[in-house]
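Q: Please take a close look at the salt bridges in this model. I want the partners, their places in the chain and their exposure.

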Amino acid sequence: MNGSKSPGLAGFAVLKNTTCHTEKKISVFFSIIFMTVGILSNSLAIVILMKAYQRFRQKSKASFLLLASGLVVTDLFGHLINGAIAVFVYASDKDWIRFNQSNILCSVFGICMVFFGLCPLFLGSVMAVERCIGVTKPIFHSTKMTSRHVKMMLTMVCLFAVLIALLPILRFRAYQIQASRTWCFYKTEHVEDWEDRFYLLLFSCLGFLALAISFLCNAVTGITLLRVKFKSQQRQGRSHHFEMIIQLLAIMCVSCICWSPFLVTMARIGISEGGSKETCETILFALRMATWNQILDPWVYILLRKAVLRNLYKITSGCCGVHVINLHMWELSSIKNSLKVAAISESPGSSKEKNLQPLSSMGQ
């Protein structure tokens, strides 16, 4: 693959003079910590989302929860597979010549890096589109966005991400061992061929496109919900819309902060003339920032739930000295008054008219 070089030695000619010197113990420590925290966080988020999906299986929230579960499962496998390969590389002292004779491991690593990088971004944009349709076109959403359609969307997103990841292999272009010798990706050192530039720019453009779609759809959804709130209409079912839009905004902010450095770095490498101007340390920093996206995503669903937000609001209000109204007691007293009115209204005689008025005035 890739000219006259053999597949098993792809990228080694570049690495001889540009190897990035990193502290092995620190790098192994970060890899193990990232993988462990990511697996535990995503596993906890999956349990929470699955329980919520069982409760809302027949409601409009079910499609959102199904997409969110797909996103968290993707993040989980991303940490599990990529983390395991990275730890194996460190444990083998980064001796790619010894365990990567046919370039199979590097190709698998590169495919996983691209797939588990793009797929969460795609799923985040699909979730934003789904919520936008659910808020702006509720009738269409209830009739067309069934669980079967959502599963088809998940499958299509995954297949598209797989196609992008396999594109270099289909074009007989090997994934390259990067300068740090700890991971594989598109060619980022001495990029001169147009096809190598194309892969880098394609990855960056697709990532930015997914973020732009998420921003646009979340903006439309938020404006629509605010209009409904100010008009005091359609109160039923509005609270879970706000909960989901808060989660989507958090996902979008986390994705933008974590992925922007890596996407910008890859785009600059693809655009720059005369080879890459980015250092190995810069690329590694951007990669670690992108890794944090898969760690922070599940905590959006763990922390930004209605029950957790309500408790946090009560704690914050109590610390600030603000009196918090006990909505549960208010609702219970209102129900009791309503039952009293109903009982008196059904009783015969003149007591009906005498007692109904003061009780109704109390309800006002």
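A: A salt bridge here is a side-chain nitrogen of Lys or Arg within 4 Å of a carboxyl oxygen of Asp or Glu. The model is predicted. By this rule the count comes to 6 salt bridges.

Start with D95 and R98. Their side chains meet in a salt bridge, with N and O 3.5 Å apart. D95 has 29% relative accessibility, so D95 counts as partly exposed. R98 has a relative accessible area of 53%. The cut-off for exposed is over 50%, so R98 is exposed.

Now the part around the start of helix α8. Here R171, R173, D193, E195 and D196 are linked in a network of salt bridges.

One of the bridges joins R171 and E195, at 3.0 Å from N to O. This pair links distant parts of the chain. R171 is in the loop between α7 (147–170) and β1 (176–177). E195 is in helix α8, 24 residues apart from R171. R171 is partly exposed, at 48% relative accessibility. E195 has 5%. Buried means under 20%, so E195 counts as buried.

Another bridge joins D193 and R173, at 3.1 Å from N to O. This pair also links distant parts of the chain, 20 residues apart. D193 sits in the loop between β2 (184–185) and α8. R173 sits in the loop between α7 and β1. R173 counts as buried, at 15% relative accessibility. D193 counts as partly exposed, at 28%.

D193 has a second role. It caps the N-terminal end of α8. A side-chain oxygen of D193 lies 2.8 Å from the backbone nitrogen of E195. E195 thus appears twice: its backbone nitrogen faces the cap, and its side chain meets R171.

What does the cap lead into? Helix α8 spans residues 194–231, 38 residues in total. Its first and last C-alpha atoms are 55 Å apart. That is close to the 56 Å expected at 1.5 Å a residue. An unreviewed UniProt entry places a "transmembrane region" at residues 198–226, among others. Residues 62–90 and 246–271 are also on that record's list. In the model, residues 62–90 are 100% helix, with end C-alpha atoms 42 Å apart. Residues 246–271 are 100% helix too, with end C-alpha atoms 36 Å apart.

Definitions and conventions
Residues numbered from 1 in each chain as written. Predicted model: local features only at pLDDT ≥ 70, side-chain atom pairs only at ≥ 80, totals over all residues. Heavy atoms only, no water. Helix = DSSP H or I, 4+ residues; strand = E, 2+ residues; numbered from the N terminus. Expected span 1.5 Å × (residues − 1). Polar contact = N/O pair within 3.5 Å; in protein donor to acceptor, adjacent residues only side chain to side chain. UniProt positions renumbered as here; feature names shortened; annotations may be inferred. Buried < 20%, exposed > 50% of the residue type's maximum accessible area, 1.4 Å probe, protein only.
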